[in-house]
Amino acid sequence: MIRHLVLFKLNEGVQRDEPRVEAGARAFQELGGLIPELRFWECAWNISDRPIAYDFAINSAVDDLDALKRYVEHPAHQAAAGQWREFATWVVADYEF
């Protein structure tokens with residue numbers, strides 16, 4: 001199995017209650033039921049106020065690297081990620097477990 005972790009940081013001046021940000025969060029929340037390669041899916045807003053904390057996180061799992069590639073290329077994932085490109089940056093970690 002491959003764990004796929006993503007941490008998002010909202011751009012300076014962007015607030016999580018903005019309609020575009022709320023729409024982006026909804027788009028990611030819906031992915032778990034849309035993409036068959038996903039074996040595990042959760043995403044949520046950070047609750048820590050630590051200065052080094054990111055704002056939003058995705059924790060997911062797929063069977064293998066081929067499934068990860070299909071997930072990343074899936075149109076629903078591409079559409080959701082495209083929304084976030086407008087207001088955030090992110091880091092990704094993929095590892096076997």
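Helices, as I use the term this morning, are DSSP runs of H or I with at least four residues, strands are DSSP runs of E with at least two, and both are numbered from the N terminus. With that convention, Ile-35 is found in the loop between helix 1 and strand 2. The model before you is a predicted one, and I shall begin with this loop residue.

Is Ile-35 buried or exposed? Its relative accessible area is 2%, and buried means under 20%, so Ile-35 is buried. Leaving aside neighbours within four places in sequence, Ile-35 is in contact with Tyr-71, His-74 and His-77. A separation in space may also be of interest: Ile-35 and Ile-47 lie 12 residues apart in sequence, and their C-alpha atoms are 27 Å apart.

Let me turn to the annotation. UniProt, in an unreviewed entry, lists residues 2–95 as "domain: Stress-response A/B barrel". Over residues 2–95 the chain is 35% helix and 32% strand. The C-alpha atoms at the two ends of that range are 5 Å apart.

Next, the nonpolar core. The largest one has 25 residues, and those that touch the most other members are Phe-28, Leu-31, Trp-41, Phe-56, Ile-58 and Trp-84. Two or more residues each come from strand 1, helix 1 (19–31), strand 2 (40–45), strand 3, helix 2 and helix 3. Which element supplies the largest share of this core? That is helix 1, with five residues. Leu-31, one of the core residues just named, touches Leu-38, Trp-41, Tyr-71, Ala-76, His-77 and Ala-80, again not counting residues up to four places away in sequence. Tyr-71 and His-77 thus appear among the contacts of Leu-31 and also among those of Ile-35.

I now come to strand 3, which covers residues 56–62 and holds Ser-60. Ser-60 counts as buried, because its relative accessibility is 1% and the limit is 20%. Beyond four places in sequence, Ser-60 is in contact with Ile-2, Arg-3, His-4, Leu-38, Phe-40 and Trp-41. Val-62 is in strand 3 as well, and Val-62 is likewise buried, with a relative accessible area of 1%. With the same exclusion of sequence neighbours, Val-62 touches Met-1, Ile-2, Glu-37, Leu-38, Arg-39, Ala-67 and Leu-68. Ile-2 and Leu-38 are therefore contacts of both Ser-60 and Val-62, two residues that are each buried at 1%. Val-62 and Val-6 are 56 residues apart in sequence, with 14 Å between their C-alpha atoms.

Finally, the largest pocket, whose volume is about 150 Å³. Of the 13 residues that line this pocket, the closest to its centre are His-4, Val-6, His-77, Ala-81 and Trp-90. The elements giving two or more residues to the lining are strand 1 (2–10), helix 2 (65–73), helix 3 (75–85) and strand 4 (88–96). Helix 3 gives the most, with four residues. Sorted by class, the lining comprises nine nonpolar, three polar and one charged residues.

One of these lining residues, Trp-90, is found in strand 4. How accessible is Trp-90? Its relative accessible area is 29%, and this lies between the 20% and 50% limits, so Trp-90 is partly exposed. Trp-90 touches Val-6, Leu-7, Phe-8, Ala-81, Trp-84 and Arg-85, not counting residues up to four places away in sequence. Val-6 and Ala-81, both among the residues closest to the pocket centre, are thus among the contacts of Trp-90, as is Trp-84, which was named earlier for the nonpolar core. As for Arg-26, which is 64 residues from Trp-90 along the chain, the two C-alpha atoms are separated by 17 Å.

Thank you for your attention.

Definitions and conventions:
Residues numbered from 1 in each chain as written. Predicted model: local features only at pLDDT ≥ 70, side-chain atom pairs only at ≥ 80, totals over all residues. Heavy atoms only, no water. 1 Å grid on protein atoms, 1.4 Å probe; cavity = no way out; pocket = protein on both sides within 12 Å on 5 of 7 lines; lining within 4 Å. Points joined across faces, edges and corners; volume = space filled by probe spheres on them. Nonpolar A, V, L, I, M, F, W, Y, C, P; charged D, E, K, R; others polar. Buried < 20%, exposed > 50% of the residue type's maximum accessible area, 1.4 Å probe, protein only. Contact = heavy atoms within 4.5 Å. Core = buried A, V, L, I, M, F, W, Y, C linked by side-chain atoms within 4.5 Å. UniProt positions renumbered as here; feature names shortened; annotations may be inferred.
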